[in-house]
Structures are given as structure tokens and as C-alpha cells.
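Colleague: I am new to this structure and would love a close look at one part of it. Could you pick a helix, walk me around it, and then show me how the surroundings fit in?

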Amino acid sequence: MHQVRNHKIFIIIVLVFFLLFVHFEHINIFFCKTFYDKINLNVYLSLINSEVHSISSEPSNKVHLKAVVKDSNGNLIPYIEVSFENTKDFGAMHPSKAVTNSQGECLVTYVPDNYYNLNAGTNPQPISITASIAGTNINSTVKLNLVPIPIVFIHGYRETEDVFDNLNEFISSKGYTCSSINYDSTLGVEYGAKELELFLQDQKREFLSQGILVGKFDLIVHSMGGLVARYYSGSKNYLKNDDVNKVIFLSVPHKGSVLASIGEEYFNDKSIKELVPDNELFVGIFPNTINNGLNSSIQIGNLLSQYDEVVTNESASLDKWGIKTEIFSVGENSFTVNNLLNGNILDAPNHKGILNNNTVFSRIFEMLNTDLPYPAVINK
């Protein structure tokens, strides 16, 4: 009987030591939180990427920080609870509390809100992220500026970045940083898409060299430029880059343009052939890219000029994905038989007029400052 009792006691002792071993870290944390004298501790908060002082404000552009706790002799102190907050509640901290590891460190992520939800106007919005040792007034702060997502313009067939001059001036005056890609639009949509990928990567590096962390861009695209954006954002490479937040289409021939057939009489290049309806681009390539050619992870706006000489309502339509087409009057109907026969229709004043209309400019600005719909998922 005595032996059985001793055996039970031995088993209980073994179990106690086993539980203490398994939960050693939790027990240490409990005692450090409860009894450790924190008065002589210090906490130091820093950005993992120390070069950054500003970030484009949208939820995917996360910022990673490190908090380190040391005593007055510089020794790293483990198992100390640290809380995190940003002073204006612009965005969220994940986690809001953490415990230093065996190296006296803990990591935290700041997730910014969309810039247009901050009511910050046109100026960069300063914020402070603070790490505090729990139960004390000991803290450390990192300051950042939140800025709007940069804008990239993509021109259409046989155009240059100059076609966006007026729109660029308007959008820039609202506090946005704008840039334009110049590519040889005669070399085809695939070529333009590759150039766009490289351009966005270069832009991110350029912003980072200025201390600005950019994850995604808003694209404003005209005519063939919209097909370039679709080709890129529907590619396998895009899954790796994931660097487009919104695309605002302006008079884009999503199903091609009947005038491209006329254009073949004046130009002989790859792009004019691709713009013809029923080209392989529309019937074979786009249907086999991400979500049938319109990435469902990217917000979409779709605008068309009334009496557009190049793009019909049917060609501009994205109804297949549940995206509404907004139509704007930017000029009179210039589509006449004489213009069609003598080639003057290719000047397309309404097709280009959408890039020089104040009503359109105001709508684009509204689109940049609100959530846009995502394309419906198309099952093949």
C-alpha cells in the first residue's frame, strides 16, 4: 500500500515537472509581467526598413516594425509584454500586444487604411506608432507620413504621355503623384504589358530611394492602354507582383474596334491588327488569362465618351463582369460617311476628348477617392 502511494506521488511529481517544462515560457511570461521590476527598462521601436519615412496608404501596403526591450545595462530582456498603437487610429496594429522573445525582441505590423478614408485632404498625413512596456509609461515612437496611392497613366495606340497633360495637371493639383509610361504602341499589347511590368517595378524602386514605400498603383488608361493593363494584370507574372489597386478605363475597346480594319489601310503594325474585333487577342488570349481577362482582385471603373468614333458601347462594355459603363458627353457626333471614307474619322475628337473634359476629370477624382467594384468571378 505504501509503495503504491509512493508510486502515485512519483507520477504526480513527474507530471508537475513535465507541465512546468512544457509551459516554462508561459510561466516565465507570467512572472515577468507580474513581478519584474520594469522601472529601469527601455523599449526601442524601429522600422524593419529604416529608409522609409512615408507609405502609400492602402491596406496591402503593410509596414513591419521591431520593438526591442533592454535594461539600463543594455541587456536584452525576454518575456516583457509590449503594447502598440498609432496615435490617430489611422489603420491597425497586428498584434496590438506582443511579448518579447528570448532575444528581447517582438515584431509588429502596421496596416494602413485607404488614404481617402482619413479625411486628410491633399497633404501627407503624419502618424505616430508607439510601443509601450505594459504597466509603465516607458515607450518609443516611430513617425511616418501617409500619402495617396501613386497614379500611372497608360496611353493608347500611336499616342504619347502628352495626351494626358490636362488630366495629369488636374489630378496632380489634388495631391496625387502622377507618372506616365511611354511605350511603343505599334509593337503589340503583349509588348506594352511587359513594358508596364518593368515600369511599375522601376517606379517602386524610385519611390523607395526617396523613402516612400509603395505597394500598388492606380492605373488610368485610355484606349489600347486599357488592353495593355488587362494583359499585364491577367498574366502569371502579375500574381507575383500584385501591384495594381485600381484600373480606371477611359474609352477602351475591350472587344476591339471596327475602325482598326480601316486603320490597316494606313498603318501596318502588330497593334492595329490586334485591335480588329475577333482577333486572337480577344477570342483566345484574354479568355485564358486570370478571370477571363479582368482580374477580380483589382477595383474597376469604366468610362466611355458618347459618340466615340473608335469604341462602341458594346465594345466598351464590361457587363460580363458586372461592371457598369458610365457614358459622358464630350462633343458632337462626328461620325459621317464622308469622314469615314476619307480617313478623317481616325482623328477621333470624341475618343480623345474624354481626356480633356472637366466633368470626366471630376468623376475620375471621385473614383480615386472611393471604393470601386471588383469584377465578378467568371467560371470557365
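**A close look at helix α3**

Modeller: Happy to. In the protein chain, 71% of the contacts with a separation of 6 or more are between residues 24 or more positions apart. Please keep in mind that this is a predicted model. The protein chain holds 13 helices and 16 strands, and 50% of its 380 residues count as buried.

Let us start with α3, which runs over residues 165-172. Which of its residues are buried? They are Leu167, Phe170 and Ile171. Looking down the axis of α3, you would find these buried residues within an arc of 95°, so they line one face of the helix. A general point helps here: an α-helix has 3.6 residues a turn, so residues three or four places apart point the same way.

What covers that face? Among the elements over the buried residues of α3 are the strands β10 (151-154), β11 (178-181), β13 (217-222) and β14 (244-250). Helix α13 (358-368) is also part of the cover.

The pairing with α13 deserves a pause. The axes of α3 and α13 come within 11 Å and cross at roughly 50°. With angles of 65 to 115 degrees counting as roughly perpendicular and those under 35 as roughly parallel, α3 and α13 are therefore oblique to each other. The crossing of α3 past α13 is right-handed. On the α3 side, the contact is made by Asn166, Leu167, Phe170 and Ile171, and α13 brings Phe361, Ser362, Ile364, Phe365 and Leu368. Sorted by class, the residues where α3 meets α13 are seven nonpolar, two polar and no charged. Leu167, Phe170 and Ile171 appear both among the buried residues of α3 and in its contact with α13.

Now step back along the chain, into the loop between β10 and α3, where Arg158 is found. Its phi is near 55°, a positive value in a residue other than glycine. As a general rule, most residues other than glycine have a negative phi, and most peptide bonds are trans. Is Arg158 buried or partly exposed? Arg158 counts as partly exposed, because its relative accessibility is 41% and buried would mean under 20%.

Asn291 makes a good companion to Arg158. Asn291 is not a glycine either, and has a positive phi of about 50°. You will find Asn291 in the loop between α9 (280-285) and β15 (299-305). Its relative accessibility is 11%, so Asn291 counts as buried. The peptide bond to look up next is the one joining His94 and Pro95, which is cis, with omega about -5°. Pro95 sits in the loop between β5 (92-94) and β6 (97-99).

For a second helix pair to set beside α3 and α13, turn to α4 (residues 189-209) and α5 (residues 224-233). These two helices pack at an angle of about 70°, with their axes 8 Å apart. That angle makes α4 roughly perpendicular to α5. From α4, the residues in the contact are Val189, Glu190, Gly192, Ala193, Leu196, Glu197 and Leu200, and they meet Met224, Leu227, Val228, Ala229, Tyr231 and Tyr232 of α5. By class, the contact of α4 with α5 has ten nonpolar, one polar and two charged residues. How many of the ten residues of α5 are buried? Ten of the ten are, so α5 is largely enclosed by the rest of the structure. The buried residues of α5 include Gly225, Gly226, Arg230 and Ser233.

Finally, here are two residues with partners far along the sequence. Leu144 is in strand β9 (residues 139-147) and is buried, with a relative accessible area of 3%. Leu144 and Leu47 are 97 residues apart in sequence, and their C-alpha atoms are 9.9 Å apart in space. Leaving out residues up to four places away in sequence, Leu144 touches Leu47, Val52, His53, Ser54, Val63, Gln125, Pro126, Ile127 and Ile129.

Tyr374 brings us back to α13, since it lies in the segment after that helix. At 47% relative accessibility, Tyr374 counts as partly exposed. Tyr374 and Gln299 are 75 residues apart in sequence and 4.7 Å apart in space, C-alpha to C-alpha. With residues up to four places away in sequence not counted, Tyr374 touches Ser296, Ser297, Ile298, Gln299 and Ile323.

Terms used. Residues numbered from 1 in each chain as written. Predicted model: local features only at pLDDT ≥ 70, side-chain atom pairs only at ≥ 80, totals over all residues. Heavy atoms only, no water. Buried < 20%, exposed > 50% of the residue type's maximum accessible area, 1.4 Å probe, protein only. Helix = DSSP H or I, 4+ residues; strand = E, 2+ residues; numbered from the N terminus. Arc of directions from axis to C-beta. Contact = heavy atoms within 4.5 Å. Axes fitted to C-alpha atoms, helices over the stretch in contact; angles between N-to-C directions. Parallel < 35°, antiparallel > 145°, perpendicular 65-115°, else oblique. Left-handed = near helix turned anticlockwise from the far one by under 90°. Nonpolar A, V, L, I, M, F, W, Y, C, P; charged D, E, K, R; others polar.
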